[in-house]
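Me: Please take a close look at how two helices pack in this model. Then carry on to the strands and tell me what you find.

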Amino acid sequence: MGGVRFYLINKKNIAASYYCDDSRLVYSTGKTCTPEDLKSKTYSKSIRLHLDRIEQLISHFVDGKNKIGVPVLKSELKDYLDSNLYLKREKKANTFFEDYEQMMEDMRNGKILHHTDKRYSERSIKHYKSIKYNLTEFETWAGIKLSYAWDKKLHGRLMEYCVEMNYAKNTVYGITKDLSGFLRHMQEAGKHNNSIYKEQWFAVRGEETDQIALSDKEIEQIYKLDLTKDRFADNARDCFVLACYVGLRINDLRNLRRGNFRDDVIEVITQKTGEKVLIPMHWIVREIWNKYNGDIPRFKTPEALKYHLEDICKDAGLTDSVLIGKTKGGVMDRKHIPKYRLVSAHTARRSFATNGYLAGIPIPDLMKITGHRSIDSFMRYIRITKEENARRLALHPFFNKPIPD
């Protein structure tokens, strides 16, 4: 067959070359010879028969595709050659990290879905990619080759590595969480039978680092700030303030369109859970809506919004010092940090939950907006001082003299 050509790789390994309709296939024959033998075809009889078989197989595959009028694809031809009994070629098993790469590709193309039966976001896939880098660095540090034979001893070595690298506790959580997800997906794919990732100790618990919520007064200070000379800052401020009164996640916030605003209610189907949420329109949200004639400002990522928030909050007077604790390298580090440096896109959602709670809105009603499914997870969002808690309790009937009948 004229389309098949044999040549040498590294001056000794014989490879077959064929141009498919999508790209060129270079296929190792598993045989070796000298350049002179290949040129004159004076190699052994067994090699000649082997090369003839490969050429015949390619010819048979191509003729079959041509007869039914479909393209000859490189991947399909390779699989055909690999699986053919004549070649007796065992398909090489993927390595740990090759499977990891394939998992990310399957997440991207929808072959692997999130537990909500939706595709993984590009942000989640990017996080998996960064964790792969951490694992490859650990492999080098430990002087081992990672495999599915993961055990408690190896996990302990991973923890030692994280401490030595001075990783924050949330970074360690991210590594163990994504590693657990990878091992789970590969077990479901039949790659291994190791269920160690199901152990409670496997995925290290994270910790809250965004520990603040803004009061209604502080949000008002931000809202009243004159930013007319800086359009980008003005848009960021309005987007953040609006978020403080709708309580949505950043992904849902950036998807808000004119059609989501209906009379005095904002109607949203949340991206994470797929549930419909109805949010009463706060009067400040109404003002922002009117300001932009329904085309409210949006930011694609939390980082894009946060880029402007620090200067905005500093100019609004949020300069009080806040004590923050963060575990790094296995040691709790406590620092006093100005509040304006701690404000992020997620602060808006936390502020919504906290201010709604302080205003006396029933927790189940707030949870219908925030999308939390347990009171425990919702209460982790509440950030109130002892003074605020005391003032709230002072209004409870338990602390007040009964009114005579």
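Reply:

**Two helices and their surroundings**

Helix α2 (residues 45-68) packs with helix α3 (residues 74-83) at an angle of about 135°, and their axes are 11 Å apart. This is a predicted model. Why give both an angle and a distance? Two packed helices are described by the angle between their axes and the distance between the axes. Now use the angle. Over 145 degrees would count as roughly antiparallel, and 65 to 115 as roughly perpendicular. The α2 and α3 pair fits neither, so the two helices are oblique to each other. Their crossing is right-handed.

Which residues meet there? From α2 come Ile 54, Leu 57, Ile 58, His 60, Phe 61 and Lys 65. From α3 come Glu 76, Leu 77, Tyr 80 and Leu 81. Find these residues in the structure and you have the contact between the two helices.

Next, another helix. α7 covers residues 169-188, which makes 20 residues. At 1.5 Å a residue, α7 should span 28 Å. Its end C-alpha atoms are 29 Å apart, so the expected span and the model agree. Just after α7 comes Gly 190, with a positive phi of about 80°.

Now the strands. Strands of a sheet pair through backbone hydrogen bonds, either parallel or antiparallel. Start with β2 (residues 13-19) and β3. They pair in the antiparallel sense over six bridges. Four residues lie between β2 and β3, and the two strands form a hairpin. Pick out one bridge: Ala 15 has Ser 28 in β3 as its partner.

Stay with β3, which spans residues 24-32 and includes Gly 30. Is Gly 30 buried or exposed? Its relative accessibility is 62%, and over 50% counts as exposed, so Gly 30 is exposed. Gly 30 and Tyr 292 are 262 residues apart along the chain. Their C-alpha atoms are separated by 67 Å.

Last comes an open sheet of three strands, in the order β4-β5-β6, with antiparallel pairing. β4 (261-262) and β6 (276-280) stand at the edges. Each has a single partner strand, so one side of each is left without a neighbour in the sheet. Strand β5 (residues 265-269) pairs with β6 over five bridges, in the antiparallel sense. Here Ile 266 stands opposite Ile 279 in β6.

Definitions and conventions: Residues numbered from 1 in each chain as written. Predicted model: local features only at pLDDT ≥ 70, side-chain atom pairs only at ≥ 80, totals over all residues. Heavy atoms only, no water. Pairing = 2+ DSSP bridges. Buried < 20%, exposed > 50% of the residue type's maximum accessible area, 1.4 Å probe, protein only. Expected span 1.5 Å × (residues − 1). Axes fitted to C-alpha atoms, helices over the stretch in contact; angles between N-to-C directions. Parallel < 35°, antiparallel > 145°, perpendicular 65-115°, else oblique. Left-handed = near helix turned anticlockwise from the far one by under 90°. Contact = heavy atoms within 4.5 Å.
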